[in-house]
Amino acid sequence: MPATLRHAHSAQINPAPTLLTRSAREQDAAENAVEVICPATPEQLPVLRAIATSIALRADADLDLVADLRLAVDEACTALVRAAGAGEPLHCRFIQHSDAVEVVVAAWAPQPAPAEDELGLLLLGSLTDHITTETQAVDDGFELRTSLLVKVHPEGARR
């Protein structure tokens, strides 16, 4: 992971690949993003679930979608916490778009992510409208990133 992400202040975190049109995404990110950098430890998971819940409720998601997003965030963050290097931070960005909530989670690891957890990916696929996982080699290790998108309005939702 680049040193700017590994030891970053939130303003230095590069956004994930575009899931929406670039201009709409940039505008939403600037106005409706919450970024959290915390230790990559299991003790931080309740805080991240609570933030996901708050963002989803603010986006006027129904309670089933709120529960789905909480579970998806927990699953994605747990996988990165397991893979992250000792003492490394977990970077989380929660973005409220006009019709969706996007969550991007990244961590640095000394080795590539273990083989994809098939059950975990099936779970994430059933809870979200879009998921992307990436592993990028960098000078001293690997950047692991998971992006989730959950549509919050019934006309655009997956149900």
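Where is the place of Asp74? Select Asp74 and you land in helix H4. Keep that helix in view, as the tour returns to it. The model is a predicted one.

**Stop 1: the whole chain**

Zoom out and show the cartoon. Five helices and five strands make up the protein chain. From start to end, the order reads α-α-β-α-α-β-β-α-β-β. The chain has 159 residues, and 45% of them count as buried. Now switch on the surface. Its accessible area is about 8100 Å², with 54% belonging to carbon and sulfur atoms. Contacts next. Among those with a separation of 6 or more, 70% join residues 24 or more positions apart.

**Stop 2: H3 against H4**

Select residues 45–58 for helix H3 and residues 63–83 for helix H4. Two packed helices are described by the angle between their axes and the distance between the axes. Here the axes come within 9 Å and cross at roughly 145°. The crossing is right-handed.

Show side chains on both helices. From H3, the residues in the contact are Leu45, Leu48, Arg49, Ala50, Ala52, Thr53, Ala56 and Leu57. From H4, they meet Leu63, Val66, Leu69, Arg70, Val73, Asp74, Cys77, Thr78 and Val81. Colour this contact by class: twelve residues are nonpolar, two polar and three charged.

**Stop 3: back to Asp74**

Centre on Asp74 again. Is this residue buried or exposed? Asp74 counts as buried, because its relative accessibility is 18% and the cut-off for buried is under 20%. Leave out residues up to four places away in sequence, and Asp74 touches Leu45 and Arg49. Leu45 and Arg49 are both on the H3 side of the helix contact.

**Stop 4: Leu69**

Stay in H4 and select Leu69. Leu69 is buried, with a relative accessible area of 2%. Which residues does Leu69 touch, not counting those up to four places away in sequence? Show Ala52, Ala56, Val101, Val103 and Val150. Ala52 and Ala56 are H3 residues in the helix contact. Strand E3 runs over 100–109 and strand E5 over 141–151, so use those ranges to place the three valines. Then draw a line from the C-alpha of Leu69 to that of Arg49. The two are 8.3 Å apart in space and 20 residues apart in sequence.

**Stop 5: the largest nonpolar core**

This core holds 36 residues, and Leu48, Leu90 and Phe94 touch the most other members. Select those three to find your way in. Strands E1 (33–39), E2 (89–96), E3 and E5 each give two or more residues to the core. So do helices H3, H4 and H5 (118–127). Which element gives the most? H4 does, with ten residues.

Now isolate Phe94. Setting aside neighbours within four places in sequence, its contacts include Asn32, Ala33, Val34 and Val36. Continue to Leu48, Ile51, Ala52 and Ile55. Val73, Glu102 and Val103 complete the list.

**Stop 6: the end of H3 and the loop after it**

Select Arg58, which lies in helix H3. Arg58 counts as partly exposed, at 47% relative accessibility. Beyond its neighbours up to four places away in sequence, Arg58 touches Asn32 and Gln96. Asn32 is also in contact with Phe94. The C-alpha atoms of Arg58 and Gln96 are separated by 8.2 Å, with their positions 38 residues apart along the chain.

Move on to Asp60, in the loop between H3 and H4. Check its backbone. Most residues other than glycine have a negative phi. Asp60 is not a glycine, yet its phi is positive, at about 65°. Asp60 is exposed, with a relative accessible area of 59%.

**Stop 7: Leu123 and Asp140**

Jump to Leu123 in helix H5. At 27% relative accessibility, Leu123 counts as partly exposed. Show Leu71 and Glu75, which Leu123 touches when residues up to four places away in sequence are left out. Leu123 and Leu71 are 52 residues apart in sequence, and 9.0 Å apart from C-alpha to C-alpha.

Finish at Asp140, in the loop between strand E4 (130–138) and E5. Asp140 is partly exposed, with a relative accessible area of 40%. Draw one last line, from Asp140 to Ala109. They are 31 residues apart in sequence and 9.0 Å apart in space, C-alpha to C-alpha.

Methods:
Residues are numbered from 1 along each chain as its sequence is written. This is a predicted model: local features need pLDDT of at least 70, side-chain atom pairs count only at pLDDT 80 or more; totals for chains, interfaces and linings use all residues. Side-chain values use heavy atoms; hydrogens and water are left out. Axes are lines fitted to C-alpha atoms, for helices over the stretch in contact, and angles run from 0 to 180 degrees between N-to-C directions. Helices (H or I, at least four residues) and strands (E, at least two) are DSSP runs, numbered from the N terminus. A crossing is left-handed if the near helix is turned anticlockwise from the far one by less than a right angle, and right-handed if clockwise. Contact means heavy atoms within 4.5 Å. Ala, Val, Leu, Ile, Met, Phe, Trp, Tyr, Cys and Pro count as nonpolar, Asp, Glu, Lys and Arg as charged, and the others, Gly among them, as polar. Buried means under 20% relative accessible area, exposed over 50%, partly exposed in between (1.4 Å probe, protein chains only). Accessible areas come from the Shrake-Rupley method with a 1.4 Å probe; for residues, only the protein chains shown count as cover. A nonpolar core is a set of buried Ala, Val, Leu, Ile, Met, Phe, Trp, Tyr and Cys residues joined through side-chain atoms within 4.5 Å.
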